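Colleague: Could you take me through how the helices pack in this model and how its nonpolar interior is put together?

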Amino acid sequence: MKTALVTGGTGGIGQAICKKLSADGYYVLINYLHSTEKAELLAEKISGKAVQFDVSDLDEVKKIAGKYGKIDLLINNAGISEIDLFTGISTEKSTRILNINLCGTLNCSRVFLPAMIRNKSGCIINISSMWGQVGASCEVDYSTTKAGIIGFTKALAKEVAPSGIRVNCVSPGFIMTDMNRQFSTDELSTIKEDIPLGFFGTPQHVADAVSFLASDSAEYITGQVLAVNGGMVI
């Protein structure tokens, strides 16, 4: 059985990805930092394993790699956001966004890649955002990290392709998760008007895209950004 590690596995998108990969036949390592109960309940439901570590801490990531060894599929999904003016966000929050979203993606990839390279096989899928493609006002730091993930995906894909490793990116649009339930009914209605397909995405839409990119059906696809946004960004 192949093993997948999903960072940020207890969030709305993370849980959907974990469930989908489990259904696809993977043994899933569910990364979390604070949501112990959610992680353990999910692990029990899908017969996976809850694994607590901070993706922004390289030493913690190395310890996990030493404990669990080679993985076949890495999903860099962990991320946080903050809505604030670029000149108003605190240095602490800005640094945390950078460290989790971008550095966390680099940390996990850097640590788990050597085993993939030795085995001449493996797959990495990074979760970006449409705001990494076009930028979002009042989410400048977040947009910066998500744009960095896209650049990272393209560069790493070129570097590790000769070793038989594929690296791709899924870029969600407005996905109805707890992170977006802060918007009012009127705000949600306005946002929906900007979506050509006319409805909000769900975590399952993102999970299905991840499943495809991880499958043999995508064996000739690497370095690509798969947008899951209902046509909001084209």
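The exchange below concerns a predicted model, and turns from a helix pair to the nonpolar cores.

Colleague: Is H1 parallel, perpendicular or oblique to H8?

Modeller: Helix H1, spanning residues 12–23, packs with helix H8, spanning residues 203–214, at an angle of about 45°, and their axes lie 8 Å apart. Angles from 65 to 115 degrees would count as roughly perpendicular and those under 35 degrees as roughly parallel. The angle between this pair therefore makes H1, relative to H8, oblique.

Colleague: By class, how many nonpolar, polar and charged residues does the contact of H1 with H8 have?

Modeller: On the H1 side the contact is made by Gly-12, Ile-13, Ala-16, Ile-17 and Lys-20, which meet H8 residues including Pro-203, Val-206, Asp-208 and Ser-211. Sorted by class, the residues in the contact of H1 with H8 are 7 nonpolar, 3 polar and 2 charged.

Colleague: Which element gives the largest share of the largest nonpolar core?

Modeller: This core has 31 residues, and those touching the most other members include Ile-17, Leu-73 and Ile-125. Among the elements that give two or more residues to this core are H1, strand E2 (27–32), strand E4 (73–76) and H8. The largest share, 6 residues, comes from H8.

Colleague: Which residue in H8 does Ile-75 touch?

Modeller: Leaving aside residues up to four places away in sequence, Ile-75 touches Leu-5, Val-6, Thr-7, Ile-17, Leu-21, Ile-125, Ile-127 and Val-210. Of these, the one listed in H8, where H1 also makes contact, is Val-210.

Methods:
Residues numbered from 1 in each chain as written. Predicted model: local features only at pLDDT ≥ 70, side-chain atom pairs only at ≥ 80, totals over all residues. Heavy atoms only, no water. Axes fitted to C-alpha atoms, helices over the stretch in contact; angles between N-to-C directions. Helix = DSSP H or I, 4+ residues; strand = E, 2+ residues; numbered from the N terminus. Parallel < 35°, antiparallel > 145°, perpendicular 65-115°, else oblique. Contact = heavy atoms within 4.5 Å. Nonpolar A, V, L, I, M, F, W, Y, C, P; charged D, E, K, R; others polar. Core = buried A, V, L, I, M, F, W, Y, C linked by side-chain atoms within 4.5 Å. Buried < 20%, exposed > 50% of the residue type's maximum accessible area, 1.4 Å probe, protein only.
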